[in-house]
Amino acid sequence: MGAVSPVPFVNEELRARIIKQVVEPSVNGLAKEKFNYKGFLFIGLMIVENHPFVIEYNVRMGDPETEVVMPRIKSDLVEHLLACSEGRMHETEVVFEESAATTVMLVADGYPEAYEKGKKMSGFEETENCLLFHAGTKTDNGEVVTNGGRILAVSATGVDFKEALTKSFQNVEKIKYEGKYFRKDIGADLMKC
């Protein structure tokens, strides 16, 4: 329902622990099994008392993680993807902007259970300082309408996640459709970081 990047409580000590306890064993496990994987390896983590625990592995970028990470990539993503496909990822370095980014998902009333589609959307032209990632939308007779449960990701950047989150929520308010729902507590647990 939303995401923050970078997560403010991940310091160098925790980052090193994640690499040593999770990333390296995962990559080494693929190599040990002689699995010639090329692509994203998304590792969902839960941090308990400054220790990482794996919740899930995915071979794709997650949602809304993609929409919060992409605005921060400073280097050429296409070059990274090409290098990965050619087995020369080690020749490139993914460089991130110093800024923070946040994403708030707009969903249909009733999601993830039963929800209605075809609700006329408006307010796009009023948004500013954000990126809108359409997920469950389509055009119908020249108008944008809802067409899924997860409808739109509203992403913004800022000097820190609090500024970015303010921008995301300001723009969320500008998008209109019947049955609009979003979580208002995205990042609330991080406010004391």
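This passage describes the overall layout of a predicted model, then two of its helices, its nonpolar core and two individual residues.

The chain contains four helices and nine strands. Read from the N terminus, these elements follow the order β-α-β-β-α-α-β-β-β-β-β-α-β. Along the principal axes, the C-alpha atoms fill a box of roughly 50 × 40 × 35 Å. Of the 193 residues of the chain, 35% count as buried. Among contacts with a separation of 6 or more, 64% come from residues 24 or more positions apart.

Helix α1 is a good place to begin a closer look. This helix covers residues 12-32, 21 residues in total. From its first C-alpha to its last, α1 reaches 28 Å, close to the 30 Å expected at 1.5 Å a residue. A kink of about 40° is present in α1, and Ile19 marks its centre. At the N-terminal end of α1, the cap is provided by Asn11, with a side-chain oxygen 3.2 Å from the backbone nitrogen of Glu13. After α1 comes Lys34, which has a positive phi near 55°. The buried residues of α1 are Leu14, Arg17, Ile18, Val22 and Ser26. Strands β2 (42-48) and β3 (51-58) are included in what covers them.

Helix α4 (residues 161-174) offers a second view of helix packing. Its 14 residues should span 20 Å at 1.5 Å a residue, and the end C-alpha atoms are indeed 20 Å apart, so expectation and model agree. Buried in α4 are Phe161, Ala164, Leu165, Ser168, Phe169, Asn171 and Val172. Because these residues cover an arc of only 165° around the axis, they lie on the same side of α4. The packing partners of the buried residues of α4 are β1 (2-5), β4 (100-108), β8 (150-158) and β9 (180-181).

The N-terminal end of α4 is capped by Asp160, a residue in the loop between β8 and α4. In this cap, a side-chain oxygen of Asp160 lies 3.2 Å from the backbone nitrogen of Lys162. The side chain of Asp160 also reaches the backbone nitrogen of Glu163, at 2.9 Å. The relative accessibility of Asp160 is 35%, so this residue counts as partly exposed. Thr127 is 33 residues away from Asp160 in sequence, and their C-alpha atoms are 20 Å apart in space.

Helix α4 also has a part in the nonpolar interior. The largest nonpolar core has 15 residues, and Leu106, Met121, Leu152 and Ile175 are those with the most contacts inside it. Two or more residues of this core come from each of β4, β8 and α4. Around Met121, with neighbours within four places in sequence left aside, the contacts are Thr137, Val144, Val145, Thr146, Ile151, Leu152, Ile175, Lys176 and Tyr177. Two of the core residues with the most contacts, Leu152 and Ile175, are thus found in the surroundings of Met121.

A polar residue in strand β1 completes the picture. Ser5 lies in this strand and has a relative accessible area of 9%, which means that Ser5 is buried. The side chains of Ser5 and Arg72 are joined by a polar contact of 2.9 Å. Neighbours within four places in sequence aside, Ser5 is in contact with Val68, Val69, Arg72, Ala100 and Ala101. Strand β1 is also one of the elements against which the buried residues of α4 pack.

Definitions and conventions
Residues are numbered from 1 along each chain as its sequence is written. This is a predicted model: local features need pLDDT of at least 70, side-chain atom pairs count only at pLDDT 80 or more; totals for chains, interfaces and linings use all residues. Side-chain values use heavy atoms; hydrogens and water are left out. The expected span of a helix is 1.5 Å times one less than its number of residues. Buried means under 20% relative accessible area, exposed over 50%, partly exposed in between (1.4 Å probe, protein chains only). The arc is that of the directions from the helix axis to the C-beta atoms. Contact means heavy atoms within 4.5 Å. A polar contact is a pair of N or O atoms within 3.5 Å; within protein, one must be able to donate a hydrogen and the other to accept it, and residues adjacent in sequence count only if both atoms are side-chain atoms. The bend at a residue is the angle between axes fitted to the seven residues ending there and the seven starting there. A nonpolar core is a set of buried Ala, Val, Leu, Ile, Met, Phe, Trp, Tyr and Cys residues joined through side-chain atoms within 4.5 Å.
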